[in-house]
Amino acid sequence: MTVSYSGHQIPLAAVQVTELADGVFVGCTVNHSVTDGTSFWHFFNTFAAAAKSGGAKKITKSPDFTRDTVFNSETVLPVPAGGPAVTFDVDAPLRERVFHFSREAIQKLKQRANGNGIPDFAEVIGKQVNDGWKVVNCNGNGKTTPVANGNGRNEISSFQSLSAQLWRSVTRARKLDPSKTSTFRMAVNCRHRLEPRIDPFYFGNAIQSIPTVATAADIISRDLRFCAELLHQNVVAHDDATVRRGIQDWEKAPRLFPLGNFDGAMITMGSSPRFPMYDNDFGWGRPLAIRSGKANKFDGKISAFPGREGNGSVDLEVVLAPETMAGLENDMEFMQYVTPTEVCVV
């Protein structure tokens, strides 16, 4: 297990190709302080195109290496002697499973979240953290904190709807005290949120992690729309001013970003179904599957991938404590949307 600081001594990127009896496995690792998912998949797909053409194919979408952005801070990050330590227990027992959701299933979730569908049986079932930006949460009287929506995006998205269902079901599986505050973290791409915008092909790390919080009681007892609306409001509110405020607050008190589930009630969503993960061909055809490696796996770590068939389908790579995974697998509100033939267990 390594952390980004290890890039001082080891390569910032590495690729390993393993030939199997019936295929080829391409493994790639990069230092997350250097690049984010958007840049990684731009690099990987360009690498594949160049490999397929023997290096003769011209790069059609050149990366932008501009460094005069708000993310290029001159602030010095203090690091403890010997480098930072991993902030979660790497030996904790975990279960990992990939759940596949078809476009049709996700559309049903989206209809529920936006109040456009008929409530099903599941609807009847009866932290603030160290961040510089606003946390959307339930204010204690059953109402959500209002957040100005200046861009007209009022519809809850498909991915926000799916994330909300996951939040509900994992919270229920964890059997938390009703008063316990649960945090759902999502990574957001800031390239298009800044004014002026950063080039879409900016090569670097231009993401921020935004937390949304609510009590276990509200998450479980209220309908899907409640959680989905919290997530939606937080994403919409993350505008240019919010991005810059987060950076300014960090520069006032520079700190390492901790990973883990520190209070037993956290979920961290990484990656994105919008990444073009299947748009690469090294000369062997489209990939059969995309999976993440073993790094940074802890209770509550979720990675989202596009489904191989495309068309709005999604794979969720879910890592949970064994007893929580067992509860999730028996949560019919969640499992009714999962495609049974498209799951694998680790």
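Guide: Welcome! Contact here means heavy atoms within 4.5 Å, and the model we are looking at is a predicted one.

Visitor: What covers the buried residues of H8?

Guide: By that contact rule, the cover includes strand S3 (95-101) and helix H4 (158-174), along with strand S8 (314-320) and helix H9 (332-335). The buried residues of helix H8 (residues 322-329) are Thr324, Met325 and Leu328.

Visitor: How do you know that they are on the same side of H8?

Guide: Thr324, Met325 and Leu328 are the buried ones in H8. Around the axis they cover an arc of only 100°, so they sit on the same side of the helix.

Visitor: Let's turn to aspartate 36. Why is aspartate 36 called buried?

Guide: Buried means under 20% relative accessible area. Aspartate 36 has 1%, so the word buried applies. Its place is the loop between strand S2 (23-30) and helix H1 (37-52), and it touches Arg191, Gly204, Asn205, Ala206 and Ile207, leaving aside residues up to four places away in sequence.

Visitor: What makes the reach of the aspartate 36 side chain to the backbone nitrogen of serine 39 a polar contact?

Guide: The cut-off for the N or O pair is within 3.5 Å. For serine 39 the distance is 3.0 Å, and the backbone nitrogen of threonine 38 is reached by the same side chain at 3.3 Å. Both values therefore meet the distance cut-off.

Visitor: And the surface: which residues form the nonpolar patch?

Guide: Val15, Val17, Val24, Phe43, Phe47 and Trp284 do, with about 530 Å² of accessible area together. Strand S1 (13-20) and H1 each give two or more residues to it, and valine 17 is located in S1.

How values were computed. Residues numbered from 1 in each chain as written. Predicted model: local features only at pLDDT ≥ 70, side-chain atom pairs only at ≥ 80, totals over all residues. Heavy atoms only, no water. Helix = DSSP H or I, 4+ residues; strand = E, 2+ residues; numbered from the N terminus. Buried < 20%, exposed > 50% of the residue type's maximum accessible area, 1.4 Å probe, protein only. Polar contact = N/O pair within 3.5 Å; in protein donor to acceptor, adjacent residues only side chain to side chain. Arc of directions from axis to C-beta. Patch = residues over 30% accessible without salt bridge, like charges linked within 9 Å, V, L, I, M, F, W, Y side chains within 5 Å. Areas by Shrake-Rupley, 256 points an atom, 1.4 Å probe, with all protein chains shown as cover. Salt bridge = Lys/Arg side-chain N within 4 Å of Asp/Glu carboxyl O.
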